[in-house]
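Me: Please look over the two chains with me. I will ask short questions and want short answers that end on the point.

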Amino acid sequence: MNDPVFVKDLTKTYYDESRGPVHAVRQIGFTCSPGEIFGLLGANGAGKTTTLRMLTTILKPSAGTAKIMGYDVAEEPVEVRRHVGFYSATTALYPRLTARETIEFFARINGYDAARTPARVDELVERFGIEEYARARIDKLSSGMKQKVAIARTLAHDPPILVFDEPTVGLDVINALEMQAILSELKAQGKTILFSTHIMSEAEKLCDRIAIIHEGRILASGTLDALRERTGAHYLEDIFVSFIQEAA
Amino acid sequence: MNRAKIGLLYRHEMRMLLRDRRTVVLSVLLPLLVLPAILFGFKLMSEWRRDQQDTTTYRYAVVGARADSVRALIARGALLAADGPAETGDPAEAVDPAGTGDNAETGDPAEAADPAETTDPAEAADDDRRPASFLEVEAAMPDSSLEAGDIDFYLEALTGSEADSLDLARAAADTMESGDEARAAADTPGPGDEAGVALTVSDERYPGVPVVRVYYRANRDDSRRGSGLMVDRMLDARERDRAEALLGRGFEADPDEVIRLSRVDVATPEQAAGFYFGRLLPLLLVFLTLTGASVAAMDSVAGEKERGSLETLLTTSVRRIEIVAAKQLTILSVALFITLAQAGNLFVYLGLGIIELPAEMDIEVSPVAVLVLFALYIPVAIVVSSLLLLISAYAKTYKETQLYLLPVFLGLMVLTAAGLLPAVSLRSLIAVVPVANVSVAVREIMVGHYDIPMLLTACVSMLLAAFLLLRWSSRMLDKERLVTAQDLDEADLAGGAALFPRRVLLWFLGMWAIIIIAPSNVDALTRLEGQWAFNMFGIFFLGSLLMIRVHRLDWRQALAIRRVRPQVWLAVLLLVPSTLLTGIFVVGLSSVFLPFPEEMLEQFASELLPEDFPLWQIMLMMALTPGIVEEMAFRGLLLHGLHRRLRPVVLILVVGVIFGLFHQALFRIIPTTYLGVVITTVAVLTGSIFPCMLLHAGNNAFAFLLYRYGVEVETWPPELLLLNLPVFVFALYLLYRYRTPYPGLLPFRKGVRGVPADERSRP
């Protein structure tokens, strides 16, 4: 119960006025511990993004509970968001702010102490190597630079839990590797990291534990070795397919 | 709400706004330049026009057998014009022997308020001009010269017998349509024509009297003005001739002074000017606010959605309402800044004398009035910016916001135009209509009338409206369909029944438009029976069938064909009389606080059919048929289409209001909306159309019977109507107690996050 991320029977049913109920996520449950990378692995439309959006309170769960640092996502969404950094391909930056201003704004708006903010901004600017263009407006930056600023703004308020929704989608190999390196580094700092991907190798390489999600349900979860044991397959790709076939 | 966070967000919003050059230019700089440019343009135009007029020599021709006598009249008129005061279009002044008699009263307020001098700025501007100059030219073919612009007008002097025969010819021609524009124009009143009956052909003319006809073209300024001045001048001359003739034959006093008419305006000049200015001020202010704030509003939510930064903001630890509040403050700041800057701008230009206000706007506003006006403007700016924020929050993209902007713009302008309505006082229902109330209030304040309780009512209603709009906006940010454009939409592909909920309002809009437009364009429909048959069968019945067919709906579901419990029938029978009586009671009661027009009360029980129809026919036309076909449309298809989109209470109100809007006459809307609400409640509680049909038909029949037998329920004492209230409540209780709710309704309250009741338990 003291896990930084606690999810039980979490369900999301959209109600579309013409399609009727759409069950995007069905009674899923998992927990994450500090310093752990937990991966949600699934095809497009499996419910990964919906799950992460519920955990970051962009969407409200239809049923079930989810707690972040002990705060319920439905009851105390503001506290939840204060403890989470959310990164996704759809969360864009403000084009008319500079990199520094962006980091500063997100630190302050998430309740980071005003006196300590400048030091925090300096630290992130240095860590991500964006000193050179820290005072340029975001709309003048290349996509690789923007990505670094985006990660820096996710970390701005130093949240204990980080949620990365398909962080490497659309990145070139170099940038994707850089992203993976950052995730490992954050893990080493003791952050709890929840990330989703549909790329098997990425999950294999980074995750301490993996949950295979399909049509809104978690079919299996555990360490890679545990999953290997259960299916008898070696590669994650085969493991994944075997669970899907089992469910069908 | 966390004020520090709102402050932080507000500074952030303002910073981004100011960095966006496009927004700054469009919403701040452009309006600041446009208004002075427009005013300056007007000034240039009017100066140019005056110059033109001063130097214009009107060219005219005189034709006809009695041309010489006309020339003599013109010459005498010219002499008079040169001697007397400037031509003002007031013949009495022109012929008055200079400075005699009561004319010492020039400068009297009565004179200053003379409508000829003050109502029309264009006419007033003519006062200080020198006498117009005219030049007679030869024109063999005056019609074509006039058309070619060689002359501005021409006079045709007919002898008495010529005019007589022309009158006969005209009587014959009246049956045909004459294509000659110039001739037609000569008979329509122009400037100066109103007193000139003897100068133009009139039906009341004595046979044998000579006639002068002035031909001009109303589509040309010089022609209209020159001919008008000429007619005035000739009238003056003839007036003088007549006075001299009378005096010459021993008339003892100036014939003009036999009866002297004058109007005395007891309003102060400030009040008169305030009345004029007060009607325009709200329109100007709302227009400025809209133009200034709309660009900022569009950018603030829809723009952020499009750029993807809104989702980022939504993942931070601020509340939705804080985001909305900060954005609202930003838009409001822009609106206030623009309006104040415009006002300041105007004062600078006025102070420097670059722009002159017309005399009518030359008013002195007391500092108190300025303060009150500003205090009233703030709620207007809040409501307008909240409304803009709402559409920006509702739209998915910048472009979509622009689409919604036009109807919002027009709607606001219509509300603001309430100040132009004559005889609407703030002490009426208008006090609770947002924007319209301020518009009326401004007009009253500008004439020095401060109705404090109603001003406060207006402010409260405005702030309430703003609050509701803001809450609505913050809910929009919770709707992820609007926040992220990710959801697949299969309904568009599937079509048919799946698409019906989204199309149903469009169907009803179409039906409504046809009902409004058709009767005035189709002759057969102007008669009552024709219109009735068209509405009942052509619109409601056929429309319902068409919706079922086009959307491939299950007709039993769409029309709510379901059995009900027997107790329901008892309840409906009790509702038949008590719905009407309760309605009259409620409206009567509320008019203690806010006066309703009496017509509205009367409409509860009145019917539209003439009395000579036999009773069975009335019952068929007014009760049975609408009871069936209108119910098919409203409690059938409309309710079916909307029941999964709106929560029950809103659903009932919306169906009721749409039902009311289909009963076009203004004072029928409220009673029929009320009836619609009651019937829809029955439909929602019983899930069936049959009780609705009985109630609708029964209510109409009851109303008509009361009317036919002369029972004026609206004049009954309220205590008597109060007795009926328990019956009404009991009937509703019965319906609730034995309810079989409409299937698939959304839950009453938000608790279950939009999942309908029957889906709730399912995983």
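Me: Over how many bridges do β3(B) and strand β4 (residues 211-216) of chain B pair?

Reply: Strands here are DSSP E runs of at least two residues, helices are H or I runs of at least four, and both are numbered from the N terminus. Two strands pair if DSSP finds at least two bridges between them. One facing pair is B:A157 and B:V212 of β4(B). β3(B) and β4(B) pair in the antiparallel sense, and their bridges number 6.

Me: Let me fix the conventions. This is a predicted model: local features need pLDDT of at least 70, side-chain atom pairs count only at pLDDT 80 or more, and totals for chains, interfaces and linings use all residues. Residues are numbered from 1 along each chain as its sequence is written, chains are lettered from A and ligands numbered from 1 in the order in which they are written, and side-chain values use heavy atoms, leaving out hydrogens and water. Now, do strand β1 (residues 57-63) of chain B and β3(B) run parallel or antiparallel?

Reply: Strands of a sheet pair through backbone hydrogen bonds, either way round. Here B:V62 faces B:L155 of β3(B). β1(B) and β3(B) are joined by 4 bridges, and their sense is parallel.

Me: How many residues of strand β3 (residues 153-158) of chain B are buried?

Reply: Buried means under 20% relative accessible area, exposed over 50%, and partly exposed in between, with a 1.4 Å probe and protein chains only. On one side, B:F153, B:L155 and B:A157 are buried; on the other, B:Y154, B:E156 and B:L158 are too. The strand is therefore largely enclosed by the rest of the structure, its buried count being 6 of the 6 residues.

Me: What percentage of the residues of chain B count as buried?

Reply: Chain B has 31 helices and 4 strands. Over its 763 residues, the buried share is 45%.

Me: At what angle do the axes of α1 (residues 3-19) and α14 (residues 320-351) of chain B cross?

Reply: Axes are lines fitted to C-alpha atoms, for helices over the stretch in contact, and angles run from 0 to 180 degrees between N-to-C directions. Under 35 degrees is roughly parallel, over 145 roughly antiparallel, 65 to 115 roughly perpendicular and the rest oblique. α1(B) and α14(B) are therefore oblique. Their axes come within 8 Å and cross at roughly 45°.

Me: How many nonpolar residues are in the contact of α1(B) with α14(B)?

Reply: Contact means heavy atoms within 4.5 Å. Residues in this one include B:L9 and B:M14 of α1(B), and B:I323 and B:V334 of α14(B). Ala, Val, Leu, Ile, Met, Phe, Trp, Tyr, Cys and Pro count as nonpolar, Asp, Glu, Lys and Arg as charged, and the others, Gly among them, as polar. Beside 2 polar and 4 charged residues, the nonpolar ones number 10.

Me: Does α12(B) pass α15(B) in a left-handed or right-handed crossing?

Reply: Helices α12 (residues 269-307) and α15 (residues 367-394) of chain B pack at about 35°, with axes 8 Å apart. A crossing is left-handed if the near helix is turned anticlockwise from the far one by less than a right angle, and right-handed if clockwise. That of α12(B) and α15(B) is right-handed.

Me: What is the relative accessible area of B:T289?

Reply: B:T289 lies in α12(B). Beyond four places in sequence, B:T289 touches B:S294, B:A335, B:T339, B:Y377, B:A381 and B:V384. B:T289 is buried, with a relative accessible area of 0%.

Me: Which are the edge strands of the open sheet in chain A?

Reply: The sheet has 6 strands in the order β6-β7-β8-β3-β9-β10, with mixed pairing. Its twist averages 15° from one strand to the next. Strands that pair on one side only are its edges: β6 (84-88) and β10 (217-222) of chain A.

Me: What separates the C-alpha atoms of A:S196 and A:F38?

Reply: A:S196 sits in strand β8 (residues 192-197) of chain A. A:S196 counts as buried, at 0% relative accessibility. A:S196 and A:F38 are 158 residues apart along the chain, yet their C-alpha separation is 8.4 Å.

Me: Is A:E215 buried or exposed?

Reply: A:E215 is in the loop between β9 and β10 of chain A. A:E215 has a positive phi of about 45° although it is not a glycine. At 53% relative accessibility, A:E215 counts as exposed.
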